[in-house]
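Here are some notes from going through this one, point by point. Have the viewer open while you read.

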Number of protein chains: 2
Amino acid sequence: MTVLGVGLLGSSVLRALAERHPGVARRAWSRSAGSRGKAGAWATVATTPAEACRGADLVIAACPVDTLAGLLGEARPGIGSTAFVTDVGSTKRGAHAAASALADPSRFVGSHPMAGSERGGADEGRADLFDGRACVVTTSEGTLPEAARAVEAFWASLGARVCKMEPRAHDAAVAEISHLPHATSSVLAALLGARAPRADLAAGGLRDTTRVAAGDPDLWVPILLENADHVAPLLGALAAGATELRDALSRGDAAAVRAILSRGRDFRRGL
Amino acid sequence: MTVLGVGLLGSSVLRALAERHPGVARRAWSRSAGSRGKAGAWATVATTPAEACRGADLVIAACPVDTLAGLLGEARPGIGSTAFVTDVGSTKRGAHAAASALADPSRFVGSHPMAGSERGGADEGRADLFDGRACVVTTSEGTLPEAARAVEAFWASLGARVCKMEPRAHDAAVAEISHLPHATSSVLAALLGARAPRADLAAGGLRDTTRVAAGDPDLWVPILLENADHVAPLLGALAAGATELRDALSRGDAAAVRAILSRGRDFRRGL
């Protein structure tokens, strides 16, 4: 198995493989020399993506979503005709489009393990990162069924709960449960950052609400842009909701304020 | 010492007193028969607020902000002329206005221990709830200096970091660091609740961002309404920020998206 990209997710795949499937040969490559050095603890490290892929049965590309097509193009000369290929990105229509860089896109299956963190990098990886977490696996019309089965079995073997979806349905779903919360957190944190608030007084609410805003813009800007057709209308709805609550507060309308807070409480308590 | 109201904060005060100052006599009253029953574990329980206050050197009213004036009015016949009175509410201009229900408002000092939780009730209280947490203490022009000193010493003795502020400055500060994050979380959760999202796929980001939305509307509707003049403009700014990010996404403006996310990351990492 070959992992291309050794950040939080890539290093977690390597650690999980080393722990759960020690008999499986592991190869890795990373664009960063620092991460390549770290990857040596869990894999044989190659100097190019193509070299890392030679002989692999499964290639896992664990890179920012906007670099996937380029990475697969670099890896293409090394990917054998019987290898399956997957990724770990947070958008899946873009991932299937990027798969056209492969010699045989029918052997590509999209993956999205729901296990990111605002703390990235190889040092943050954990062998149990996928344990009990959802992992969406996506296929396009041309995807080989055996490719999908192999990728599903791979994630299940790392402990993930596999859920199959169409790429578009995935992107619509994560726009609501991940990309909108992230965007909301960023907007709130950016607003507060412009105001020099009394953060020394803050309790857990501020920290929780803004936690994901600490995520790396290099990862998140491409995600939000690739899924903009889903995320932008949700941000419009958020703006409308904020305006509705503002107006209810401004006119002292306790019933309207209560209706919004009660809907929010009911949703959160149902999680 | 007398605690009126035995929810999360009131029961935590009683527990902390029992643990840190076991020699101090503790009396309590709660409007709820269930909480009165529980309060017996840490205090002598009275059947009226006035009875609970008789002989107390310090009365701590731990009730929703919109019930403070009524509670102080009920307690008034039992509050001695040498007693100091404080509260624990999240808005402080309203608390000082409510203090006019007392025979001697100059003996009232506002308190806001920054230690709430979305999980309320006597069972959630903890003796160490205030340990290391900020506690804002507010005074008005007429407040007796010895009352402020007594209330500051009280919170410090429970482990809190005491911070003195004017009521209006407090309300402006917590609008940013607490009330806006809460309102944002509620708006986001209410929006998602109307859409039946795939919460089964969600990771920590959704849970963190919406955690405080689980708070009790009976507590939070009055807080937001009492501080509406500060919170409403911030919600307007949030709506503007969400619209700005929406528009940047819609036109594929990576630089504008990155600017927002980077400002948010910088604020969060600075916390």
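1. Start with the sheet in chain B. Eight strands make up an open sheet there, with mixed pairing and the order β3-β2-β1-β4-β5-β6-β7-β8. At its edges stand β3 (44–45) and β8 (161–165) of chain B; each has a single partner strand, so one side of each lacks a neighbour in the sheet. Bear in mind throughout that this is a predicted model.

2. Inside that sheet, have a look at the pair β4 (58–61) and β5 (84–87) of chain B. The two strands run parallel and are joined by 4 bridges. If you want a spot to click on, V59(B) is opposite V85(B) in β5(B).

3. Two chain B helices are worth displaying with the sheet. Helix α4 (residues 68–75) of chain B lies across β1 (2–4), β4 and β5 of chain B, at about 145° to β4(B). Helix α7 (residues 167–193) of chain B lies across β6 (108–113), β7 (134–138) and β8 of chain B, and runs at about 145° to β7(B).

4. Now over to chain A. Its open sheet of 8 strands reads β3-β2-β1-β4-β5-β6-β7-β8, with mixed pairing. The edge strands are β3 (44–45) and β8 (161–165) of chain A, each paired on one side only. β8(A) is held to β7(A) by 5 bridges, and these two strands run parallel. Within that pairing, V136(A) stands opposite C163(A) in β8(A).

5. Which strands does helix α1 of chain A touch? Helix α1 (residues 8–20) of chain A packs on the sheet against β1 (2–4), β2 (27–29), β4 (58–61) and β6 (108–113) of chain A, and its direction makes about 165° with that of β1(A). Helix α4 (residues 68–75) of chain A also packs on the sheet. That helix touches β1, β4 and β5 (84–87) of chain A, with about 145° between its direction and that of β4(A).

6. β6(A) deserves a closer look. It is mostly covered, with 6 of its 6 residues buried. Both faces are covered: F108(A), G110(A) and H112(A) are buried on one side, and V109(A), S111(A) and P113(A) on the other. β6(A) is joined to β5(A) by 2 bridges, the two strands running parallel. V85(A) stands opposite F108(A) in β6(A).

7. Is G89(A) buried or exposed? This glycine is in the loop between β5 and α5 of chain A. With 26 other C-beta atoms within 10 Å, against a cut-off of 20 or more, G89(A) counts as buried. Apart from its neighbours within four places in sequence, G89(A) is in contact with V65(A), L68(A), A95(A) and H112(A). H112(A) is one of the buried residues of β6(A). For a sense of distance, G89(A) and L14(A) are 75 residues apart in sequence and 17 Å apart in space, C-alpha to C-alpha.

8. On domains: chain A is divided into domain 1 (2–164) and domain 2 (170–269). Their centres, taken over C-alpha atoms, are separated by 31 Å. Across the boundary, 13 residues of domain 1 of chain A are in contact with 15 residues of domain 2 of chain A. On the domain 1 side, α5 (93–98) and β7 of chain A are the elements that give two or more residues. By class, that side has 3 nonpolar, 6 polar and 4 charged residues.

9. The interface between the chains is next. There, 79 residues of chain A are in contact with 79 residues of chain B. On the chain A side, β7 (134–138), α7 (167–193), α8 (204–210), α9 (217–226), α10 (228–250) and α11 (254–269) each supply at least two residues. The largest share, 17 residues, comes from α7(A). The residues of this side of chain A divide into 46 nonpolar, 18 polar and 15 charged.

10. How are the two copies related? A turn of 180° with a shift of 0.0 Å along the axis lays chain A on chain B, with an RMSD of 0.0 Å. That is the relation of a two-fold axis. The same surface serves both copies, as 100% of the contact residues of chain A recur in chain B.

Methods. Residues numbered from 1 in each chain as written. Chains lettered and ligands numbered in written order. Predicted model: local features only at pLDDT ≥ 70, side-chain atom pairs only at ≥ 80, totals over all residues. Contact = placed C-beta atoms within 7 Å. Nonpolar A, V, L, I, M, F, W, Y, C, P; charged D, E, K, R; others polar. Domains from an automatic or database assignment. Pairing = 2+ DSSP bridges. Axes fitted to C-alpha atoms, helices over the stretch in contact; angles between N-to-C directions. Buried ≥ 20, exposed ≤ 12 C-beta atoms within 10 Å, placed from the backbone. Least-squares fit on C-alpha atoms with pLDDT ≥ 70 in both.
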